[in-house]
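Here are some notes to go with the model you sent over. Have a look at it first, then read on.

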Amino acid sequence: MNFNAKMKDIKNYEAGKPIELVVREFGIEPKDIVKLASNENPNGCSPKVQEAVSKIVSKMALYPDDSMTALKSSLSKRFDVEDENVIIGSGSDQVIEFLIHAKANSKSKILMNSITFAMYEIYAKHVGAEILRTSTQEHDLDEFYEIYKAEKPSIIFLCTPNNPTGDAIDASKLFDFVKKIDSDTLVVVDGAYMEYALIKDSSKEVKPKDLVDQFDNVIYLGTFSKAYGLGGMRVGYGLADAKIIKELYKLRPPFNITTLSLEAANVALEDEEFVNKSIVENFSEMKRYEEFAKEQKIDIINSYTNFVTLCLNSSQKSSEVADLLLKKGMIVRDLSGYGMNAIRVTVGTQEQNSRFFELTAEIL
Ligand SMILES: *Cc1c(COP(=O)(O)O)cnc(C)c1O
């Protein structure tokens, strides 16, 4: 059978390996497996979420509230914008899909950092758009601007903090850059890890409200999958000028967020104390990774997120190190597919991190 010719070009997204797979493939007991591969919150989510969700399981037979009024107004209140500035997706992934389909086609160009979140490219290929990349590992906004001027892309992705490297753009530089971009180019600011960055260093904090108030060509993306500990519930959001949100709504499938997920996200958003506590713990555990890197004489990228990127020495191949760790029940992310000899490790609990140091020291 012949498929849409664009399909040939699309690679599957390689998700972090689930624990179940390691059980099946290596016969390791689930209790001996540690997954530090998908930047989930090792403390899970707020205990209030489980309580609230268990109270509404009986509502499963009914379709969800498709207006999503409760979560939408909690988000607009949190970010001090209007409800019309908010769209909710099945993960912010889905919002990325909407915005690419709404703005780009096979004649469009989409500009992104040399190394960045893989889903931008995958969705860009859905519509057959041309992908343009900068050349440096960190976002170089001067180079972004040079390429923008020469190529006039339809969409520019800025991922800050960036996945899979963990570095972040200075908020003031980001605003200066966006001011120079023509209003027909959509700028996407992916803040999946922004909750972490703003606690570590306020100069990295990009306030969605400022973007929405100042620009009609910018969309900010956030997610409940990382700091809020709700990866399994699939809830993310986009905040932008009402005209952008209105277009994205045309692509939204009905009932794209389940009743349980809407409730979970809404309750999680209220429990700021839980989120802030896990972020503080995250950065205190991250210090141990910095010490570990120093001891092992390997480079670590200064991270504003809940993961660290360890750049191995040329004698150590990241794919082999990741494989050896996997056989010992430790799941991390090999970054050789991004052209880096590095592994990305989610900062886990104290115990999980100790186990990582122990196993990795044996291998290196
Ligand atoms: C995890 C992540 C997302 C989206 O996650 P969802 O689970 O789909 O909300 C988006 N961007 C980046 C950079 C991420 O790391």
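The points below cover the pocket, two cis peptide bonds and two backbone outliers to check by eye.

1. First, the ground rules: this is a predicted model, where local features need pLDDT of at least 70 and side-chain atom pairs pLDDT 80 or more, while totals for chains, interfaces and linings use all residues. Numbering starts from 1 along each chain as its sequence is written, and side-chain values use heavy atoms, without hydrogens or water.

2. The largest pocket holds about 740 Å³ of space. A pocket here is an open set of points on a 1 Å grid over the protein atoms alone, where a 1.4 Å probe fits, with protein on both sides within 12 Å along at least five of seven lines; lining residues have an atom within 4 Å of a point. The volume is the space filled by probe spheres set on the points, which are joined across faces, edges and corners. Of its 35 lining residues, Glu14, Arg333, Asp334, Gly337 and Tyr338 lie nearest the centre.

3. Two peptide bonds are cis: Thr160 to Pro161, with omega near -10 degrees, and Asn163 to Pro164, with omega near 15 degrees. Pro161 sits in the loop between β5 (155–159) and α7 (171–179), and so does Pro164. Strands are DSSP E runs of at least two residues, helices H or I runs of at least four, numbered from the N terminus.

4. Asn39 has a positive phi, near 60 degrees, and is buried at 1% relative accessible area. Arg234 also has a positive phi, about 60 degrees, but is partly exposed at 33%. Buried means under 20%, exposed over 50%, partly exposed in between (1.4 Å probe, protein chains only).
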